[in-house]
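Subject: The structure I promised you

Hi,

Here is the structure we talked about, so you can open it and follow along. My notes on what turned up in it are underneath.

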Amino acid sequence: MAVPFPAGGRHPGWPARLGALRVGTGVVELRPVRLLDGAAWSSLRLRDEAHLAPWEPTMPGTWAQRHSSAEWPGRWMLLRSAARKGTALPFAITLDGRLAGHVMIGNVVREPLLSAYVGYWCDRGVTGSGVTTAAVALAVDHCLGPAGLHRIEATVRPENSASRRVLVKLGFREEGLFRRYLDVDGAWRDHLCFAMTAEEVPVGGLAGRLVASGRAERA
């Protein structure tokens, strides 16, 4: 069901705190990104350059320059502005209360498409532990439910097996290959397109399916 964009500038489903789901490494929750996240964000991004850089768009400047703590206030203001305009839902992933990554719902388009994309990154120290899967499940349930969207897409490099596993576990459909889709890590890279619509969300949501399968617990 379409949710109308309200007067006053805030779109349905934002701001929001989502969770919590307990996985093997702790309790996963989502909340809006904060200005005070800068130091933790910079520390994670600088430490995990080798883990993250192969999958992220090519941008001006060095990785260290783009991910210094001084860069965060400007990024945060852009994210806050997009959230207020209704074009994005920028979530911080927290694990036992500490910053562990981001889930970004971007390019939000209202009627008639009611669509968006989901992107995500997570602390390499908890990769493979179910944190990212739980976080994306919470975000997609929210988008295809309270936020009133109908379709969520994700594009992933074919070589990014970890990210592909997240989407497959959650039930995203692989729809095709986009040739030379995005400039990533210094070259135009092919990306696989995955998608899910509201009709494909199981009763109880994606998070509920994780709990039913034993991959997570309600916290």
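Which side chain of opposite charge is nearest to Arg66, and how far away is it? It's Glu56, at 6.0 Å, and Arg66 has no salt bridge even though it is buried. A salt bridge needs a side-chain nitrogen of Lys or Arg within 4 Å of a carboxyl oxygen of Asp or Glu. Keep in mind as you look around that this is a predicted model.

To find Arg66, go to helix H3, which covers residues 63-66. Leaving out residues up to four places away in sequence, Arg66 touches Trp41, Met59, Pro60, Gly61, Glu71 and Arg75.

Met59, one of those contacts, sits in the loop between helix H2 (49-52) and H3. Met59 is partly exposed, with a relative accessible area of 49%. Try following the chain from Met59 to Gly186: they are 127 residues apart along the chain, yet their C-alpha atoms are separated by 8.7 Å.

Now the cysteines. How many disulfides does a search of the whole structure find? Zero. As a reminder, a disulfide is a covalent bond between the sulfur atoms of two cysteines. For Cys122, the closest cysteine sulfur belongs to Cys143 and is 18 Å away, so it is too far for a bond. Cys193 also has its closest cysteine sulfur in Cys143, at 16 Å, and that is too far for a bond as well. Both cysteines are buried: the relative accessible area is 5% for Cys122 and 3% for Cys193.

Cys193 is found in strand S8, residues 187-197. Gly176 is 17 residues from Cys193 in sequence, and the two are 5.5 Å apart in space, C-alpha to C-alpha. Setting aside neighbours within four places in sequence, Cys193 is in contact with a list of residues that includes Gly176, Glu153, Thr155 and Phe178.

Next, have a look at helix H5, residues 131-143. At 1.5 Å a residue, its 13 residues should span 18 Å, and the end C-alpha atoms are 19 Å apart, which agrees. Of the 13 residues of H5, 13 are buried, so the helix is largely enclosed by the rest of the structure.

Last, the record: an unreviewed UniProt entry carries the annotation "domain: N-acetyltransferase" for residues 28-199. In the model that span is 32% helix and 35% strand, and its end C-alpha atoms lie 26 Å apart.

Cheers

Conventions:
Residues are numbered from 1 along each chain as its sequence is written. This is a predicted model: local features need pLDDT of at least 70, side-chain atom pairs count only at pLDDT 80 or more; totals for chains, interfaces and linings use all residues. Side-chain values use heavy atoms; hydrogens and water are left out. UniProt positions are given in the numbering used here, feature names are shortened, and annotations may be inferred rather than shown by experiment. Helices (H or I, at least four residues) and strands (E, at least two) are DSSP runs, numbered from the N terminus. A disulfide is a pair of cysteine sulfur atoms within 2.5 Å. Buried means under 20% relative accessible area, exposed over 50%, partly exposed in between (1.4 Å probe, protein chains only). The expected span of a helix is 1.5 Å times one less than its number of residues. Lys and Arg count as positive and Asp and Glu as negative; His and the chain ends are not counted. Contact means heavy atoms within 4.5 Å.
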